[in-house]
Structure formats: C-alpha cells, structure tokens
Amino acid sequence: MTIPSPIRVAAIGTGNVGRHALAQLIADPTFELTAVWVSSESKAGKDAAELAGLPDSTGVVATTDLDAVLATNPACAVYTAMADNRLPEALEDYRRILAAGVNVVGSSAVFLQYPWKVLPDELVSPIEDAAKEGSSTLFVNGIDPGFANDLLPMALAGTCQSIQQIRCMEIINYDTYDSATVMFDVMGFGRSMDDTPMLLQPGVLSLAWGSVVRQLAAGLGIELDEVTETHVRIPAPEDFDIAAGHIEKGTTAAMRFEVRGMKDGKVAVVLEHVTRLRDDLCPDWPQPAQHGGSYRIEISGEPSYALDLCLSSPNGDHNHAGLVATAARVVNAIPAVVGAQPGIVTALDLPPITGKGRYAGQ
C-alpha cells in the first residue's frame, strides 16, 4: 500500500494523553491535521493549537461532531478519548470510524491492545466487521498496556533459550497524576475501604490487563489455561492531598494487584502494579528504580533478566513523561498502521516502531 505524504490525520480527544498527541501531529510535517474532536462544549470552537498548548494558530477548530470529523477524510484518527468510564460509547466510536474507512491508532480502551479471549466475541466482532467493511486498521497501545509490557519483554524473550515466567511491573507514585475520574472513580483512591471501585469489580482487572498477559502468551506461542487476578489495598495513615484531590485518613492510599496467566497450574506470565500515593507507604512492597516510579520486566529463564525502565522529562515528572510516551507510541505508529492489512493489529503484527524522523538535535 502506498502511504500518502503527508498523512491526513484527525485527533479524537485532547485530555491528558490527547493534548500531547495533538502537539506532535501539529508540529510534525509527516502529518496534516484535518480535524479535532472534543467531548465538551467548553473546548468546541477552539483552535487545535490552543488545545495543544502551542502558540501559532492552525486554522483547525475543535468540534463535538464525530461525523464532521470523518467528513474531512483523514487517513488515520488518533483516538485518546476517555474510555474507562464510557466503554460502550468508545467501542461504538471505533466501529463508526473504522467503518468509514479511517484507520485508527489509540491509547484507549486498553483491552483492544489484544482483545481476543479478553473481550467477549459480541464486542470484538463489530470492531472486526467494521474494519473489514472500511478496509481499515486498528492499533491500540501506549506504555502500560503497551511497549513496557509487550515490545520490551518480547525483545528480551527473543534472547532466551528457555523461559519459566515473564513478569511485567509498574511501580509508581500516582500523587501527581491529575485526573480525578481515573484516580477516584476508576481506581478508588480516596474512597472508603469498604467500597469496591470500578477497577476492582470482579473481572475488571482481567479485562483491563488481560490483553497484556494474553499477548505475552501469544508471543511465547502458548495457550493459557486461565487468567486470574488478585489485589490488596492499604488505607491512608492520615489526611493528605494529591494533584487529583484530597485523601482522607482511612481511605484507600495504596494498591497492589496482579493479573496472572496460568499454564499447567503455574504462573507463566503476570502483570503486576504497585501503586502508591506517597513514597513512604508500604515500604515492604517493591520499590521503583528511580524516585517517583519505574517499570520493571523480570524474566525467569536461561538466561534470566531484570530490566528497569525509568522515565523522565525536562518538562515534568515521571507521570508527565509517561503521558508523552503513550501519545508518541501511537502517533509514531501511524505510518505502519496506515500501511498494514485491515483488521485489529498488535505489537506482534507490526514492524518495529523506531525513532525515524524524531531527531531534534541538542
């Protein structure tokens, strides 16, 4: 397939990840921005540059009308709209975009990273049918789920003679993550220990991160017997504040969970999160490789590996760096996705997404 130059793209969402994706789409001559979709009327009518925090007007103004976005005939849409608390709407968005013949790269909903045996067939089939109808391609990725637990562990696994287990960990202090919806409503921080937040409803962890363990298993060429999950929460020892709001004493302030892919009664692949709102909480839990947080890959095998991935940025902390990395991961994948076969593709299907064209000098 001949890839157009520049590639016409539309941005769907301008939140924590979306504004970084939008800034890259505007600045990079590889792309031509055709439209921007926003979820709120307060952002509608604003220039894309203003929403991305850039000084020069683009002439592209935001709209809440998805049909108007599709009417600009983009080759690809960058989907970063919130999906955690609006899954049916997000899946319908994907179906409409793909059926219109527009390729999609996205950072949500995360289970679309590798949806098979994670989502029920009645939810996956409409997406696959829409991609077939529109001869279009979908790739969902980021950092976690994303390159920290697909690209990197698979690269290490490619140098092993044998593997007993792959463990992917996120060990992060979320105190600067400024999204009340994610922190309080989805993850349940600052909520009563008696409440069960959305993330910890039975099966939700396996829905959100089952894509990670299923894809790792597929990369290893094994069929999992089952996927299990476990979690523990710790209350705040006193009142304190984080970027997203207030945490009262006795409410959830730290969380640790695992999603485990089981094979023959053994844990073959596992996704683990160790999440704190203060560095001094749960000192006996795994600690990050740098202040604030890091990602860790542990492979037990011949040979064995332990790899710590530390994110930083001259423009913010580790959480800021993670948002930029998530945005860049999907934006940089656009040329490969536009040139890919129709359907849902994963990191196992695409060629390596490199830093071609990203050199900016000193």
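**Reading features in a predicted model**

UniProt, in an unreviewed entry, places the feature "domain: 2,4-diaminopentanoate dehydrogenase C-terminal" at residues 149–351. The model discussed here is predicted.

User: What share of residues 149–351 is helix, and what share is strand?

Analyst: Over residues 149–351, 25% of the chain is helix and 33% is strand. The C-alpha atoms at the two ends of this stretch are 17 Å apart.

User: How is a pair of aromatic rings described?

Analyst: Two values serve for this: the distance of the ring centres and the angle of the planes. In this structure the count comes to 4 aromatic pairs. One of them is formed by Tyr79 and Tyr94, with 4.5 Å centre to centre and 40 degrees between the planes, and the pair is tilted. Tyr79 belongs to strand E4 (residues 76–79) and Tyr94 to helix H4 (residues 87–99); the two lie 15 residues apart, and the pair links distant parts of the chain.

User: How many salt bridges does the structure hold?

Analyst: A salt bridge is recognised when a side-chain nitrogen of Lys or Arg lies within 4 Å of a carboxyl oxygen of Asp or Glu. The structure holds 14 salt bridges. Among them is the one between Asp28 and Arg358, whose closest N and O atoms are 2.3 Å apart.

User: Why does the pair of Asp28 and Arg358 tie together parts of the chain?

Analyst: Asp28 sits in the loop between helix H1 (18–27) and strand E2 (31–37), while Arg358 is in the segment after strand E15 (343–344), so the pair joins parts that are 330 residues apart in sequence.

User: Which residues form the negative surface patch?

Analyst: Asp121, Glu122, Glu128, Asp129 and Glu133 form this patch. Of these, Asp129 lies in helix H5 (residues 121–134).

Notes
Residues numbered from 1 in each chain as written. Predicted model: local features only at pLDDT ≥ 70, side-chain atom pairs only at ≥ 80, totals over all residues. Heavy atoms only, no water. Patch = residues over 30% accessible without salt bridge, like charges linked within 9 Å, V, L, I, M, F, W, Y side chains within 5 Å. Areas by Shrake-Rupley, 256 points an atom, 1.4 Å probe, with all protein chains shown as cover. Lys, Arg positive; Asp, Glu negative; His and termini not counted. Charge placed at Lys NZ, Arg CZ, Asp CG, Glu CD. Helix = DSSP H or I, 4+ residues; strand = E, 2+ residues; numbered from the N terminus. UniProt positions renumbered as here; feature names shortened; annotations may be inferred. Phe/Tyr/Trp six-rings, centres within 6.5 Å; stacked < 30°, edge-to-face > 60°.
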